[in-house]
Amino acid sequence: MNLEDVIFLGVSLLLLILVLISIYTEKVRKRFEPALSKDKIFRCQKCAFVYTDDPDVDRSRCPHCGTGNESVKF
Ligand SMILES: [Zn+2]
């Protein structure tokens with residue numbers, strides 16, 4: 001084996017490791033990502049509690065203190 005072969009082998013190995021890491025992180029990311037939900041997200045104006053409710057309601061009562069809150073828009 002000459003030096004060029006060693007360098008080529010090293011670079012190939014490095015690329016392979018990078019690809020494997022990206023595949024692995026992608027899998028982990030998908031596993032921990034919350035399931036896609038159409039529920040609206042609400043944030044209580046009084047106690048700052050964050051909760052979700054059905055997508056067809058505009059105002060929802062906070063399960064903690066009962067204050068009516070508008071949905072959070074992103
Ligand atoms: Zn509240």
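Here are some exercises, each with a worked solution, on the predicted model shown above.

**Exercise 1. Work out how confident the predictor is, and where confidence is lowest and highest among the elements.**

Solution. Start with the whole chain: the mean pLDDT is 89, and 92% of the residues reach 70 or more. Then go element by element. Confidence is lowest in β1, with a mean of 90, and highest in α1, at 93. Keep one reading rule in mind: where pLDDT is low, the predicted coordinates should not be read in detail.

**Exercise 2. List the secondary structure elements and put them in sequence order.**

Solution. Count them up and you get 1 helix and 4 strands. Now walk along the sequence, and the order reads α-β-β-β-β.

**Exercise 3. Decide how the overall dimensions of the chain compare with those of a compact globule.**

Solution. First take the yardstick: a compact globule of 74 residues would have a radius of gyration near 11 Å. Next take the model's own value, which is 24 Å. Then look at the box that the C-alpha atoms fill along the principal axes, roughly 75 × 25 × 20 Å. Burial comes next: just 3% of the 74 residues are buried. Finally, check the contacts with a separation of 6 or more, where residues 24 or more positions apart account for 20%.

**Exercise 4. Describe helix α1: its span, and how well it is covered.**

Solution. Helix α1 runs over residues 3–32, which makes 30 residues. From its first C-alpha to its last it reaches 43 Å, close to the 44 Å expected at 1.5 Å a residue. As for cover, there's hardly any: the count of buried residues in α1 is 0. Try one residue as a spot check. Leu3 sits in α1, and it counts as exposed because it has 7 C-beta neighbours inside 10 Å, where 12 or fewer is the cut-off for exposed.

**Exercise 5. Find the domains and say how far apart their centres are.**

Solution. The domain assignment gives domain 1 as 1–33 and domain 2 as 40–70. Taken over C-alpha atoms, their centres are separated by 45 Å. Two residue pairs add some detail. Leu3 and Ser71 are 68 residues apart in sequence and 63 Å apart in space, C-alpha to C-alpha. Cys44 and Lys27 are 17 residues apart in sequence, with 34 Å between their C-alpha atoms.

**Exercise 6. Take the hairpin of β1 and β2 apart, and find the residue with a positive phi.**

Solution. Begin with the strands: β1 covers 40–43 and β2 covers 50–53. They pair in the antiparallel sense over 4 bridges. Within that pairing, Phe42 stands opposite Tyr51 in β2. Now move to the 6 residues between the strands, where Ala48 takes a positive phi near 65°. Note that Ala48 is a residue other than glycine. Is Ala48 buried or exposed? Ala48 is exposed, because 9 other C-beta atoms lie within 10 Å.

**Exercise 7. Characterise Cys44: its place, its exposure and its contacts.**

Solution. Cys44 is in the loop between β1 and β2. Its count is 19 other C-beta atoms within 10 Å, so Cys44 is partly exposed; a buried residue needs 20 or more. For contacts, leave out residues up to four places away in sequence. What remains is Phe49, Cys62, His64, Cys65, Thr67 and Asn69.

**Exercise 8. Do likewise for Asp58, and give its distance to Asn69.**

Solution. Asp58 is placed in the loop between β2 and β3, the latter spanning 59–61. It has 9 C-beta neighbours inside 10 Å, so Asp58 counts as exposed. Setting aside neighbours within four places in sequence, Asp58 is in contact with Glu70 and Ser71. As for Asn69, it is 11 residues from Asp58 in sequence and 8.5 Å away in space, C-alpha to C-alpha.

Methods. Residues numbered from 1 in each chain as written. Predicted model: local features only at pLDDT ≥ 70, side-chain atom pairs only at ≥ 80, totals over all residues. Helix = DSSP H or I, 4+ residues; strand = E, 2+ residues; numbered from the N terminus. Rg over C-alpha atoms; globule rule 2.2 N^0.38 Å. Contact = placed C-beta atoms within 7 Å. Pairing = 2+ DSSP bridges. Domains from an automatic or database assignment. Expected span 1.5 Å × (residues − 1). pLDDT = per-residue confidence, 0-100.
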